[in-house]
Amino acid sequence: MANELTTHFTGLEFVNPFVLASAPPTESKAKILRAFDAGWGGVVTKTIGLHPVENVAGPKTIYQRTSESKPYVSRMKRPDTVSHSSWNWELISDQPLDLWLPDLEEIKTTYPDRMVIASIMAGAGSQEEMENWQKLAKAVVNVGCDAIELNLSCPHMDRKDMGANVANDEEIITAILNAVTSVVDVPIWVKLTPANSSLLDGAAAAYAAGAASISLCNTFPSLPLMDPETMKFEVEVDGLVSSGGLGGLAILHQALQRVNDISRAFPDKSISGIGGIKGFREAFNFIVHGAGNLQVCTAAMEEKGSGGVGVKLIQELKDDLLEYMQHKGHASIEDFRGVARDRVVEHSKIRRKSEDYNGGYAKSA
């Protein structure tokens, strides 16, 4: 299995292409070690920063479900429901850098064949913030991290110079990459927000400035639902709520669209696909649209008894991918990566019942 599932991505060798995304499953040494025990090929740590972080005084993540008999979406537990999505307003890691560093070193020493990608975040707009990016990058690389993921995508940041607030600014993306690549020599992944009309421009700037990969999609900016009986949001603090991020199966199709957009525009560049992977079929679709690496979050968190790291899930993903590859005679995922890319075309390229189709409007005389 190891040979067939081995994946080369951004110059790194993964024992399999499945990685836990930057989120609660990778928030601590204990969880990451358990994830590697279970068989994950890599992890992207929960985002590490330099600023003080304190989360909301209440639940940070909820899981929403739906059913055929009661088809409304709700976190309410009901019989015969299936997963619909996750919603969170969780911030980056509240564990400071000086506590992360010995943990990262121990993780990498314990599992030298697994890839540890450190997610980092600082601000923008000043030399001090560029130096913060550099400090974080040098620190995590010095303790053995194999790559860095720049968090330019967190959808719920108050600071206007952080997260998704700067993901549409090509100059800032370029400046951050220039700062980081000048002090470390490891692959740099850039996690961009999907809620951006200039996603292609941001990706172009990132690739041009030295990004080894684009990671997408992060969660989509969204609001939790209000219960019609209680008139309360399904997650709130003192009756108030703020924008959070929607993930899980509900964002799968939108995530695939973003991956395909980037893949068609930059077919020779690397993409780490995220958003709604719950099993082999979702993972397969990311691969055929161009992703060479697969990040998982919600499905791992939902698995009961796994401590939120998807112990059974990773076995199923590996087994099902291997079975498919053997059935089709594929030596690696590269044999079918991107095969769907060029079958996504402009609407006008789809065959019509009549040759008279004119795009829905009458041409002027």
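Author: Helices and strands here are DSSP runs, helices of at least four residues and strands of at least two, numbered from the N terminus. With that, Cys217 can be placed: the residue is found in the loop between S10 and S11. The model is predicted.

Reader: Which peptide bond leading to Cys217 is cis, and what is its omega?

Author: Most residues other than glycine have a negative phi, and most peptide bonds are trans. In this model, the bond from Leu216 to Cys217 is cis, with omega near 20°.

Reader: Where does phi take a positive value in a residue other than glycine?

Author: Two cases can be given. Asp80 has phi near 60°, and its place is in the loop between strand S5 (61-66) and strand S6 (82-88). Met231 also has phi near 60°; this residue lies in the loop between S11 and strand S12 (244-247).

Reader: Are Asp80 and Met231 buried or exposed?

Author: The cut-off for exposed is over 50% relative accessible area. Asp80 is at 70% relative accessibility, so it counts as exposed. Met231 is at 55%, and therefore counts as exposed as well.

Reader: Next, helices. What span should helix H5 have, and how far apart are its end C-alpha atoms?

Author: H5 covers residues 170-181, which is 12 residues; at 1.5 Å a residue they should span 16 Å, and the end C-alpha atoms are 16 Å apart, so the two agree. Helix H7 (residues 252-265) gets the check too: its 14 residues should span 20 Å, and its end C-alpha atoms are 20 Å apart, which agrees.

Reader: Which residues of H5 are buried?

Author: An α-helix has 3.6 residues a turn, so residues three or four places apart point the same way. In H5 the buried residues are Ile173, Ile176, Leu177, Ala179 and Val180. Seen down the axis of H5, they fall within an arc of 160°, so they line one face of the helix. Their packing partners are helix H4 (127-142), strand S8 (147-152), strand S9 (188-192) and helix H6 (199-208). At the start of H5, a side-chain oxygen of Asp169 comes to within 3.1 Å of the backbone nitrogen of Glu171.

Reader: What do the buried residues of H7 pack against?

Author: Buried in H7 are Leu252, Ala255, Leu256, Arg258, Val259, Asn260, Ile262 and Ser263. The buried residues of this helix pack against H6, strand S10 (213-216), S11, strand S13 (270-274) and H8.

Reader: How many residues does the largest nonpolar core have?

Author: In soluble globular proteins, nonpolar side chains tend to be buried together. The largest nonpolar core in this model has 87 residues, and Trp40 and Leu150 have the most contacts inside it. Helix H10 (residues 311-328) gives the largest share of this core, 7 residues. Another core, of 9 residues, lies apart from it; Phe9, Val19, Val44 and Ile117 are among its members.

Reader: How many aromatic pairs does the structure hold?

Author: There are 11. One of them joins Phe9 and Trp189; the pair is edge-to-face, 5.3 Å centre to centre with 85° between the planes. Phe9 is in strand S1 (residues 7-9) and Trp189 in strand S9, so the pair ties together parts that are 180 residues apart in sequence. Both rings belong to buried residues. A tilted pair is formed by Phe280 and Tyr324, 5.2 Å centre to centre and 40° between the planes. Here Phe280 is in helix H8 (residues 280-288) and Tyr324 in helix H10, 44 residues apart. Phe280 and Tyr324 are both buried. Ring pairs also link Phe280, Phe284, Tyr324 and Phe336 into a cluster.

Reader: Which residues is Ser222 in contact with, its neighbours within four places in sequence left aside?

Author: Ser222 lies in strand S11 (residues 220-222) and is buried, with a relative accessible area of 16%. Its contacts beyond those neighbours are with Trp87, Ser243, Gly244, Gly245 and Leu246. With Trp87 the contact is also polar, side chain to side chain, at 3.2 Å.

Reader: Is Ala124 buried or exposed?

Author: Ala124 counts as buried, at 10% relative accessibility. The residue is found in the loop between strand S7 (115-120) and H4. Neighbours within four places in sequence aside, Ala124 is in contact with Glu129, Met130, Asp161, Val166 and Ile172. From Ala124 to Lys160 the distance is 8.9 Å, C-alpha to C-alpha, with their positions 36 residues apart in sequence.

Definitions and conventions. Residues are numbered from 1 along each chain as its sequence is written. This is a predicted model: local features need pLDDT of at least 70, side-chain atom pairs count only at pLDDT 80 or more; totals for chains, interfaces and linings use all residues. Side-chain values use heavy atoms; hydrogens and water are left out. The expected span of a helix is 1.5 Å times one less than its number of residues. Buried means under 20% relative accessible area, exposed over 50%, partly exposed in between (1.4 Å probe, protein chains only). The arc is that of the directions from the helix axis to the C-beta atoms. Contact means heavy atoms within 4.5 Å. A polar contact is a pair of N or O atoms within 3.5 Å; within protein, one must be able to donate a hydrogen and the other to accept it, and residues adjacent in sequence count only if both atoms are side-chain atoms. A nonpolar core is a set of buried Ala, Val, Leu, Ile, Met, Phe, Trp, Tyr and Cys residues joined through side-chain atoms within 4.5 Å. Rings of Phe, Tyr and Trp (its six-membered ring) pair if their centres lie within 6.5 Å; planes under 30 degrees apart count as stacked, over 60 as edge-to-face and the rest as tilted.
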